[in-house]
Amino acid sequence: MSKKPRAIHFGAGNIGRGFIAPLLSRSGYHVVFTDVDKNLIDTINDEKAYGVHILASESHEVEEVIHVKGVLSTTDDLIHELAHPKLRLVTTAVGLHVLDKIAPALASGIKARRATNGAPINIIACENAIAATAQLEAKVRAHLDGADAEYATTHVGFANCSVDRIVPPFDPDAHGADSALDVGVEAFFEWVVEGPALKGPDAHAKGGALEPPVHGMALADDLAPYNERKLFTLNAGHAAAAYLGHLLALRTVAQAIADPRVAAVVRGALHEESGKALCRKHRFAEATHGKYIEAILARFANEAVQDHVARVGRAPLRKLGRGDRLVGPARMCTEYGIRVPHLATAIAAALWYDDPADEDSVAMRGAIGEKGVGPYVAELTGFEDGHEVHILIVEKYKELEGWKVKA
Ligand SMILES: NC(=O)C1=CN([C@@H]2O[C@H](COP(=O)(O)OP(=O)(O)OC[C@H]3O[C@@H](n4cnc5c(N)ncnc54)[C@H](O)[C@@H]3O)[C@@H](O)[C@H]2O)C=CC1
Ligand SMILES: O=P(O)(O)OC[C@H]1O[C@](O)(CO)[C@@H](O)[C@@H]1O
């Protein structure tokens, strides 16, 4: 049996294989993937290794991730893994809507660890949302009571994080990849974890840290500024580019951001609106934040990352959530008296997002047809009829009809 400390990662998809597992593996953890997809788990157990291709125009580097294992998330093997004495860390990248589904297994794992007096573990949900781990913790705790709940308080760290790396769908054949498990990623990554929430190896010691530390993971005392900065900049700009690109029948984010009309909206939304509000709220230096935005725009323009607008625009209703990447910064701007014509354009473009394969898009387009755009905007965003932002969104929605290009 491997003597290495273990990490279980829920979701052996793009972010799991392309971002989290490589960092954990290089930091000395034995990585165990768990997933509902049996073929994927079988392939992981057959091949035990894969390559991470760094997508850049000027080079083609491949990093190997080795000695990985898989367990099917629907079997008791997962509970045995969660109870493993060497387990130190549990990470997830399954999608926000899936946290409900993995919570019962995590609760069973925590009960099994208490029964064997297991060492402390840390759980980190690497999903695109504010406080995703806190959301997961509430769902796990709904399955725990009494001594199990007490054990979770003393022995399980639930740490929020901000996770940033663009990992698009990858065609192994097009990149001469050896394995279907290979994955393509941009070179950039940033993983910031809420340090004070981590539990060290001794449950009774004050303060926490991961043992071994994860190289490439930064710890922050207060995660909120990082979470909001990433979601309201990278994700806001990305979503805006994707929805406007979709209207113009463009296929990738790189194509979308190369269009001057799209670039003007994205730049305006980030530099003049969300960026100003973020600097006011979190006291970021404007020049530093301006550079952060420019670096993100350069990442969008990376043609080696063939990121489809359909992936970045997926689930528009989630993305139009009141605290999410478009309405969230618009609401933050209104708190500081900042006008939001560009964010309103991005929100309006999201409302036009029409993909018959996307459940959210079908529901949203149906509701707009039924209720009318005005009432629907009020219901969705919380900006009431007559509010300046409501007026702007409805105006932009009408204006954007003229942008539509037939695919
Ligand atoms: N791809 C990206 O560039 C980034 C994605 N994220 C976030 O990471 C999360 C995952 O995204 P991707 O890796 O792109 O998605 P993905 O679809 O490539 O991977 C998700 C994996 O979760 C598995 N899964 C679904 N239900 C499950 C369950 N009940 N138990 C265990 N596994 C289950 C799926 O089979 C799939 O393999 C999302 O929340 C996304 O917002 C965050 C930053 C970057
Ligand atoms: O994964 P989601 O939340 O559906 O949104 C896609 C977004 O997530 C990312 O995959 C990574 O942050 C971005 O590429 C994109 O903005």
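1. Let's start with charge pairs: by the usual cut-off (a side-chain nitrogen of Lys or Arg within 4 Å of a carboxyl oxygen of Asp or Glu), the count comes to 18 salt bridges. Before going further, note that this is a predicted model, where local features need pLDDT of at least 70, side-chain atom pairs count only at pLDDT 80 or more, and totals for chains, interfaces and linings use all residues. Residues are numbered from 1 along each chain as its sequence is written, chains are lettered from A and ligands numbered from 1 in the order in which they are written, and side-chain values use heavy atoms, with hydrogens and water left out.

2. One pair to look at is Glu-186 with Arg-299, a salt bridge at 2.5 Å, N to O. Glu-186 sits in the loop between β10 (183-185) and β11 (190-194) while Arg-299 belongs to helix α10 (residues 286-300), so the pair ties together parts that are 113 residues apart in sequence. Helices here are DSSP runs of H or I with at least four residues, strands are runs of E with at least two, and both are numbered from the N terminus. Glu-186 counts as buried at 3% relative accessibility, and Arg-299 counts as buried at 10%. (Buried means under 20% relative accessible area, exposed over 50%, and partly exposed in between, using a 1.4 Å probe and protein chains only.)

3. Asp-324 and Arg-325 also meet through their side chains, in a salt bridge of 2.6 Å, N to O. Both ends are out of the way: Asp-324 counts as buried at 8% relative accessibility, and Arg-325 counts as buried at 3%.

4. Then there is Glu-379 with Lys-371, a salt bridge whose closest N and O atoms are 3.0 Å apart. Glu-379 is partly exposed, with a relative accessible area of 45%, and Lys-371 is partly exposed too, at 38%. Elsewhere, salt bridges that share partners join Arg-6, Lys-69 and Glu-81 into one network.

5. Which side chain of opposite charge is nearest to Asp-355? It is Arg-314, 10 Å away, and Asp-355 is buried with no salt bridge. For this purpose Lys and Arg count as positive and Asp and Glu as negative, with His and the chain ends not counted. Asp-355 lies in the loop between α14 (341-351) and α15 (359-371), and its side chain reaches the backbone nitrogen of Ala-357 at 2.8 Å. Not counting residues up to four places away in sequence, Asp-355 touches Ala-310, Ser-361 and Val-362; contact here means heavy atoms within 4.5 Å.

6. Glu-273, in helix α9 (residues 260-282), is another buried acid without a salt bridge, and Arg-339, the nearest side chain of opposite charge, is 7.2 Å away. Beyond its neighbours up to four places away in sequence, Glu-273 touches a set of residues including Cys-333, Arg-339, Pro-341 and His-342.

7. Cys-333 brings us to helix α13 (residues 327-335), where Val-327, Gly-328, Pro-329, Ala-330, Met-332 and Cys-333 are buried. What do the buried residues of α13 pack against? The partners are α7, α9, α14 and α16 (373-381). After α13 comes Gly-337, with a positive phi near 70 degrees.

8. Now the open space. The largest pocket has a volume of about 1200 Å³. Its lining takes in 44 residues, of which Ala-93, Val-94, Gly-95, Glu-127 and Arg-314 lie nearest the centre. Elements giving two or more residues to this lining include α1 (14-26), β2 (30-35), α4 (99-115) and α15, and α7 gives the most, with five residues. On a 1 Å grid over the protein atoms alone, a pocket is an open set of points with protein on both sides within 12 Å along at least five of seven lines, a cavity is a set where a 1.4 Å probe fits but cannot get out, and lining residues have an atom within 4 Å of a point. Points are joined across faces, edges and corners, and a volume is the space filled by probe spheres set on them.

9. As for closed space, a search of the whole structure finds three cavities of 30 Å³ or more. The largest cavity has a volume of about 60 Å³, and among the residues lining it are Glu-127, Cys-161, Asn-227 and Lys-230. The largest share of that lining, four residues, comes from α7.

Terms used
A polar contact is a pair of N or O atoms within 3.5 Å; within protein, one must be able to donate a hydrogen and the other to accept it, and residues adjacent in sequence count only if both atoms are side-chain atoms.
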